[in-house]
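Visitor: I am new to this structure, and I would like to take a close look at one part of it before going further.

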Amino acid sequence: MELFSFYNVENLFLPDPIPKHKLDPTRSGLRNWDERKYKNKLHKISHVFHLMKEENGVLPFMIGLSEVSGRKVLEDLVQMEPFNSEYGIVHYNSMDERKVDVAFLYDKTKVEIIDSETITFFFEINNKNTENYDTTRDVLYSKVRYKGETVNIFIAHLPSKREKDINRPKRSFILNEIRGRIMNIVNEEKEHVILCGDFNENPDDENLVKILYDDEHGKVLENPFQQLFSTRNYSTFHYKSGLLFDQIILSKSLFNDNNVLSFLNAEVFSSEKISSHRRNFEGRPFRTYAGTRYLGGYSDHFPVFVKFKSF
């Protein structure tokens, strides 16, 4: 059995330098983000994967992450238990205004990286001066080999819902571009695809339903998180609303029992041990910050994973 996991880790930044003046802006944008809080955050994230291994018997062999800032935080993370420096890193700095990226971790004893690249998106504001382009987080693409079979991994963190969802057209554009690439891989190259991320949309939103079908309306991808969402499984919350923005979408080939990886089930990893213990927030993720107030938790998202039968 193997696990593939995705986790929005909520602002994993290196500690901020001590500001010269009290009101100076920080690199992280977080309040009093120091070495102690950073070490606690790393410990918390690594502990999540320890718990996942404890409950499922295996550590995820591939992991997509979002809201990480720079490679160094990933290097610090994979040195810790339960990774023990046995996990490789695929990461590129994106042009995101908050300097947060997506990343890919993989078990070096099981997975070989064939190729990787970032897919960058520019949204023009008002003229062709590149300084005025609006940029967002890159989509990370990795082609990997596992037990002789090729798997294409896309990791995304799409623009957020804010200001009456001004970013919806951007999410539509990015997903349409990714869809085109996926259709080519599935139909022409006949290879497996895993698309995961924080999509800032629920599984039943139009954009995420459309991506499952090719131009002839044939279904080429399956989203097991549709079923989870319909049964009120949530990975994050906004005020009173439960949301399932974190999802893992699979090519139909990964549902074939004859492949080296065959889908078993999908889960939101909402363990009580990483949940808030405050009565008003019971069943929600125990987050690191609430606004500017430091809580010392894990993340404002639960991780998600899919379980594969492996031959």
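What covers the buried residues of α2?

Guide: The model here is a predicted one, and the place to begin is helix α2 itself, which spans residues 71-78 and in which Val73, Leu74, Asp76, Leu77 and Val78 are buried. The cover over these buried residues includes one helix, α1 (35-56), together with the strands β1, β2 (62-68), β3 (87-91) and β4 (101-107). It helps to keep in mind that an α-helix has 3.6 residues a turn, so residues three or four places apart point the same way.

Strand β1, which is part of that cover, also leads to another feature, the largest pocket, because β1 (2-12) supplies at least two residues of the pocket's lining, as do β7 (133-135), β12 (236-238) and β16 (289-290). This largest pocket holds about 1,400 Å³ of space, and among the 44 residues lining it, those closest to its centre are Glu67, His238, Arg287, Asp300 and His301. By kind, the lining is made up of 12 nonpolar, 16 polar and 16 charged residues.

Elsewhere in the chain, six strands make an open sheet of mixed pairing, in the order β5-β8-β9-β10-β14-β11. At its edges stand β5 (111-119) and β11, and because each has a single partner strand, one side of each is left without a neighbour in the sheet. Further in, strand β8 (residues 139-146) and strand β9 (residues 149-157) run antiparallel and are joined by seven bridges, with Tyr141 finding its bridge partner in Phe154 of β9. Helix α3 (residues 168-189) packs on this sheet, touching β5, β8, β9, β10, β11 and β14, and its direction makes about 160° with that of β10.

Strand β14 (residues 246-251) deserves a closer look, since six of its six residues are buried. Asp246, Ile248 and Leu250 point one way from the strand, whereas Gln247, Ile249 and Ser251 point the other way. Five bridges tie β14 to strand β10 (residues 192-198) in an antiparallel arrangement, and Gly197 has Gln247 as its bridge partner in β14. Strand β11 (residues 221-222) also runs antiparallel to β14, joined to it by two bridges, and Glu222 has Leu250 as its bridge partner there.

Notes
Residues are numbered from 1 along each chain as its sequence is written. This is a predicted model: local features need pLDDT of at least 70, side-chain atom pairs count only at pLDDT 80 or more; totals for chains, interfaces and linings use all residues. Side-chain values use heavy atoms; hydrogens and water are left out. Buried means under 20% relative accessible area, exposed over 50%, partly exposed in between (1.4 Å probe, protein chains only). Helices (H or I, at least four residues) and strands (E, at least two) are DSSP runs, numbered from the N terminus. Two strands pair if DSSP finds at least two bridges between them. Contact means heavy atoms within 4.5 Å. Axes are lines fitted to C-alpha atoms, for helices over the stretch in contact, and angles run from 0 to 180 degrees between N-to-C directions. On a 1 Å grid over the protein atoms alone, a cavity is a set of points where a 1.4 Å probe fits but cannot get out, and a pocket is an open set with protein on both sides within 12 Å along at least five of seven lines; lining residues have an atom within 4 Å of a point. Grid points are joined across faces, edges and corners, and a volume is the space filled by probe spheres set on the points. Ala, Val, Leu, Ile, Met, Phe, Trp, Tyr, Cys and Pro count as nonpolar, Asp, Glu, Lys and Arg as charged, and the others, Gly among them, as polar.
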